[in-house]
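Q: Please take a close look at one helix and how it is packed. Which partners does it meet, and where do its aromatic rings go?

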Amino acid sequence: MSHTNRRLGIQQIIASGLCFGCLGLFGKLLYQHGATAGELLALRFFFAALMLFAWHLMRDPKRLWLPWRQLLSCAVLGIFGYALFAWCFFAALGGLSASLSVLLLYTYPIMVTIGGRLLFHEKIPRQKLWALPLVVIGTVALVWGEISVEKVSAVGLGLCAALFYSLYILLSSRLLRKVPADISVPYIQSFAALILTLLFVHDFERIQNLWVNAWWIILSIAFMGTVLAMSLFLAGLQKLQNWEVALLSTTEPLSAVLLAAIFLGERLTPSQVLGGLGILLGLLLVARPVKRRAVNVN
């Protein structure tokens, strides 16, 4: 992999995390209009897929054609990756505090690192081993809050959310390596939207009212937090190893906390500041080029 290609991949994953971080800001605005988390997810993926399909149909419809194997891969990733991950996460919220649910989800960098090692023989270079604990501990400090467990089974659901998201990353890195990200993403979004609509959308009159009153928020979530975020993520994933992507994508909670502080007036605690610094140090360590030892040929 060329140094330029790797640098572009790092930039794409960091930009993706920043876009994903917008979901918290726009999500809170949409909740103020009475939307549920499930409705937000279904609308998010539906309009994101609509945007990308419309874009390609206007520019070059032939690019949308995929062989059936790649289409099946998109279906698997949309249904058993995003849709199942989202269902597990929001089901966990029913029995856990929000902070604990997020903490369990962000065990995925550890899962991805272990999975990449076992499945694809990816190894973190010795010079970068500290990046994993820095990012994990930093994330814990960043999102730490009230910890409560009402249902023990919800802990399992929270860990399943992390597991399914980890599998999404690991499988995407292999199944979609040769598929342009802007082509695979609308198919993944379509399958996710279908399943999430069946699971969470039961009152279409409510959906119509949401659209009338908050259409710009819905479109912002679809474009910033889904079209750009997912496309950049998969594009970066094609250029980097899985453990690098998992660690770099923790820019998402960092940007979400900062955006909430800037636009919603939420105060940053000292532990959040320290956690953010820990994440930044870890990201710098991941992005730093590995120094190769010079080989003496004499």
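**Helix H7 and its neighbours**

A: H5 and H7 pack with their axes 9 Å apart, at an angle of about 45 degrees (axes are lines fitted to C-alpha atoms, for helices over the stretch in contact; angles run from 0 to 180 degrees between N-to-C directions). H5 and H7 are therefore oblique to each other (under 35 degrees is roughly parallel, over 145 roughly antiparallel, 65 to 115 roughly perpendicular, the rest oblique). This is a predicted model: local features need pLDDT of at least 70, side-chain atom pairs count only at pLDDT 80 or more, and totals for chains, interfaces and linings use all residues. Numbering starts from 1 along each chain as its sequence is written, and side-chain values use heavy atoms, without hydrogens or water.

H5 spans residues 108–120; H7 spans residues 152–175 (helices are DSSP runs of H or I, at least four residues, numbered from the N terminus). From H5, Tyr108, Met111, Val112, Gly115, Gly116, Leu119 and Phe120 make the contact (heavy atoms within 4.5 Å). H7 answers with Leu159, Ala162, Leu163, Tyr165, Ser166, Ile169, Leu170, Ser173 and Arg174. Arg174 also has its charged end over the ring of Phe120, 3.8 Å from the ring centre (CZ of Arg or NZ of Lys within 6 Å of the centre and within 35 degrees of the ring normal).

The second partner is H3, residues 68–93. The axes of H3 and H7 come within 8 Å and cross at roughly 160 degrees. That makes H3 roughly antiparallel to H7. On the H3 side, the contact residues include Leu77, Phe80, Tyr82, Phe85, Trp87 and Phe89. On the H7 side, they include Leu157, Phe164, Tyr165, Tyr168 and Leu171. Tyr165 takes part in the contact with H5 and in the contact with H3.

Now the rings. Rings of Phe, Tyr and Trp (its six-membered ring) pair if their centres lie within 6.5 Å; planes under 30 degrees apart are stacked, over 60 edge-to-face, the rest tilted. The count by this rule is 12 aromatic pairs. Tyr106 and Tyr108 form a tilted pair, 5.4 Å centre to centre, with 45 degrees between the planes. Tyr106 is buried at 9% relative accessibility (under 20% is buried, over 50% exposed, in between partly exposed; 1.4 Å probe, protein chains only). Tyr108 is buried too, at 2%.

Within H7, Tyr165 and Tyr168 form a stacked pair. Their ring centres are 6.0 Å apart, and 10 degrees separate the planes. Tyr165 and Tyr168 are three residues apart in H7, which means about one helical turn separates them. Both are buried. Ring pairs also tie Tyr165 and Tyr168 into a cluster with Phe45, Tyr82, Phe85, Tyr106 and Tyr108. Of these, Tyr82 and Phe85 belong to the H3 side of the contact with H7. Tyr108 belongs to the H5 side of its contact with H7.

Back to H5, which also holds Thr113. Thr113 is buried, at 13% relative accessibility. Leaving aside neighbours within four places in sequence, Thr113 is in contact with Ile124, Leu132 and Trp243.

After H5 comes a loop, which leads to helix H6 (131–143) and contains His121. His121 is not a glycine, yet its phi is positive, about 60 degrees. Unlike the buried Thr113, His121 is exposed, with a relative accessible area of 65%.

Notes: Helices (H or I, at least four residues) and strands (E, at least two) are DSSP runs, numbered from the N terminus.
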